[in-house]
Amino acid sequence: MMPRLKLQPEARGLGMTGQRARDRLVQRLREQGIRDERVLQAIGTLPRHQFIDEALASRAYEDTALPIGLGQTISQPAVVARMTEALLEAGLPRRVLEIGTGSGYQAALLASLGIEVFTVERIEALLRDARRRFRQLGLDIRSRHDDGRLGWSEHAPFDAILVTAGGAALEPALLGQLGEGGVLVAPVGGANEQRLLRLRKGPAGIEQDDLGAVVFVPLLPGVR
Ligand code: SAH
């Protein structure tokens with residue numbers, strides 16, 4: 001079921017954080033080749049400005065990554081759109097695990113599509129802010145403070161797993177928590193650039209495709 005988002009009055013207005021700004025962002029994403037109407041509609045509805053510091057709110061609907069504190073970023077909308085589209089291509093997954101909650105924007109986007117979302121973040125202060133945003137928007141998202149490289153075994157298997165921080169290699173624990181027919185999307189590579197990989201766990205083994213170059217903050221061990 002699609003949740004009804006609780007929106008604040010300014011999100012409906014015409015200013016830098018209003019509906020027009022989101023419509024322009026959606027138009028830009030269309031021009032960049034994002035085709036999935038479910039994803040475009042969700043991005044056109046979710047108030048991205050509520051996921052960043054107020055001082056940056058006027059830039060919320062630019063197609064750019066923005067700092068969220070503690071050296072982390074909210075991902076660029078085009079990258080969020082591409083990852084979400086890749087995740088949905090084989091049909092809407094029912095349950096998704098996200099690694100790297102960050103601002104909570106990607107998790108909220110998935111939840112607004114009617115997906116049951118589980119998200120793991122290693123930095124407690126970021127997770128606290130993200131949880132407040134989920135509450136404000138009326139989104140029911142399960143979250144955990146932990147090293148996400150271990151996944152969330154109590155809730156496995158997942159229909160899809162999305163990693164939003166760049167690792168040197170695919171994490172075996174995450175592949176293990178992916179259900180039959182499940183899809184894993186993860187940036188894999190060095191610190192400066194990664195390849196966005198999509199893996200599908202099929203009956204004949206694992207199929208992999210490369211969705212292009214991306215730049216994510218690093219996937220780090222441990223918690224803080
Ligand atoms: N999906 C986020 C993007 C966040 S950036 C959003 O929509 O805003 C990546 C996040 O991954 C950062 O918050 C970082 O702290 C977190 N991260 C890095 N390594 C991690 C790990 N091992 N486990 C969980 N989270 C991790």
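**Exercise 1. Classify the shell around the ligand, then find which elements build it.**

Step 1. Sort the shell by class. In this predicted model, the residues around the ligand divide into 11 nonpolar, 11 polar and 6 charged.

Step 2. Pick out the nearest residues. The shell holds 28 residues, and Ser103, Glu121, Asp147, Gly148 and Leu220 come nearest to the ligand.

Step 3. Assign the shell to secondary structure. At least two shell residues come from each of β2 (72-74), β3 (95-99), α4 (105-112) and β4 (116-121).

Step 4. Rank the contributions. Strand β2 gives the largest share, 3 residues.

**Exercise 2. List polar side-chain contacts of the ligand, then state how much of its surface the protein buries.**

Step 1. Start with the ligand oxygen. An N or O atom in the side chain of Ser103 is 2.6 Å from an oxygen atom of the ligand. Ser103 is also among the residues that come nearest to the ligand.

Step 2. Turn to ligand nitrogen. A polar side-chain atom of Asp147 lies 2.9 Å from a nitrogen atom of the ligand.

Step 3. Add Thr164. An N or O atom in its side chain is 3.1 Å from a nitrogen atom of the ligand.

Step 4. Apply the cut-off. Polar contacts are pairs of N or O atoms within 3.5 Å. The Ser103 pair, at 2.6 Å, qualifies. The Asp147 pair, at 2.9 Å, qualifies. The Thr164 pair, at 3.1 Å, qualifies.

Step 5. Compute burial. The ligand alone exposes 580 Å², and the protein buries 99% of that.

**Exercise 3. Locate the ligand among the pockets and describe the lining of its pocket.**

Step 1. Place the ligand. It sits in the largest pocket.

Step 2. Give the volume. The largest pocket has about 510 Å³ of space.

Step 3. Find the residues at the centre. The pocket is lined by 37 residues, and Thr73, Gly100, Thr164, Ala165 and Val217 are the closest to its centre. Thr164 also has the 3.1 Å side-chain pair with a ligand nitrogen.

Step 4. Map the lining to elements. Two or more lining residues come from each of β2, α3 (77-88), β3, α4, β4 and β9 (205-214).

Step 5. Sort by class. The lining has 18 nonpolar, 12 polar and 7 charged residues.

**Exercise 4. Repeat the analysis for the second largest pocket.**

Step 1. Take the volume. It is about 350 Å³.

Step 2. List the central residues. Of the 18 lining residues, Gln50, Ile52, Asp53, Glu54 and Arg133 lie nearest the centre.

Step 3. Map the elements. β1 (66-69) and α5 (124-137) each supply at least two lining residues. Helix α5 gives the most, with 5 residues.

Step 4. Sort by class. The lining has 6 nonpolar, 7 polar and 5 charged residues.

**Exercise 5. Count the cavities of 30 Å³ or more and characterise the largest.**

Step 1. Search for enclosed space. Rolling a probe the size of a water molecule over the atoms shows where empty space is left.

Step 2. Count. The structure holds 1 cavity of 30 Å³ or more. About 60 Å³ of space lies in the largest cavity.

Step 3. Inspect the lining. Among its residues are Val163, Ala165, Leu170, Leu174, Leu184, Val188 and Leu219. Ala165 is also one of the residues closest to the centre of the largest pocket.

Step 4. Find the main contributor. Strand β7 (residues 178-189) gives the most, with 4 residues.

Step 5. Sort by class. The lining divides into 10 nonpolar, 1 polar and 1 charged.

**Exercise 6. Flag the backbone geometry at Pro157 and Leu70.**

Step 1. Recall the norm. Most residues other than glycine have a negative phi, and most peptide bonds are trans.

Step 2. Check omega. Ala156 and Pro157 are joined by a cis peptide bond, with omega about 0°. Pro157 lies in the loop between β5 (142-145) and β6 (158-163).

Step 3. Check phi. Leu70 is not a glycine, yet its phi is positive, about 55°. Leu70 is found in the loop between β1 and β2.

Terms used:
Residues numbered from 1 in each chain as written. Predicted model: local features only at pLDDT ≥ 70, side-chain atom pairs only at ≥ 80, totals over all residues. Heavy atoms only, no water. Near = heavy atom within 4 Å. Polar contact = N/O pair within 3.5 Å; in protein donor to acceptor, adjacent residues only side chain to side chain. Areas by Shrake-Rupley, 256 points an atom, 1.4 Å probe, with all protein chains shown as cover. 1 Å grid on protein atoms, 1.4 Å probe; cavity = no way out; pocket = protein on both sides within 12 Å on 5 of 7 lines; lining within 4 Å. Sits in = over half its atoms within 2 Å of the grid points. Nonpolar A, V, L, I, M, F, W, Y, C, P; charged D, E, K, R; others polar. Points joined across faces, edges and corners; volume = space filled by probe spheres on them.
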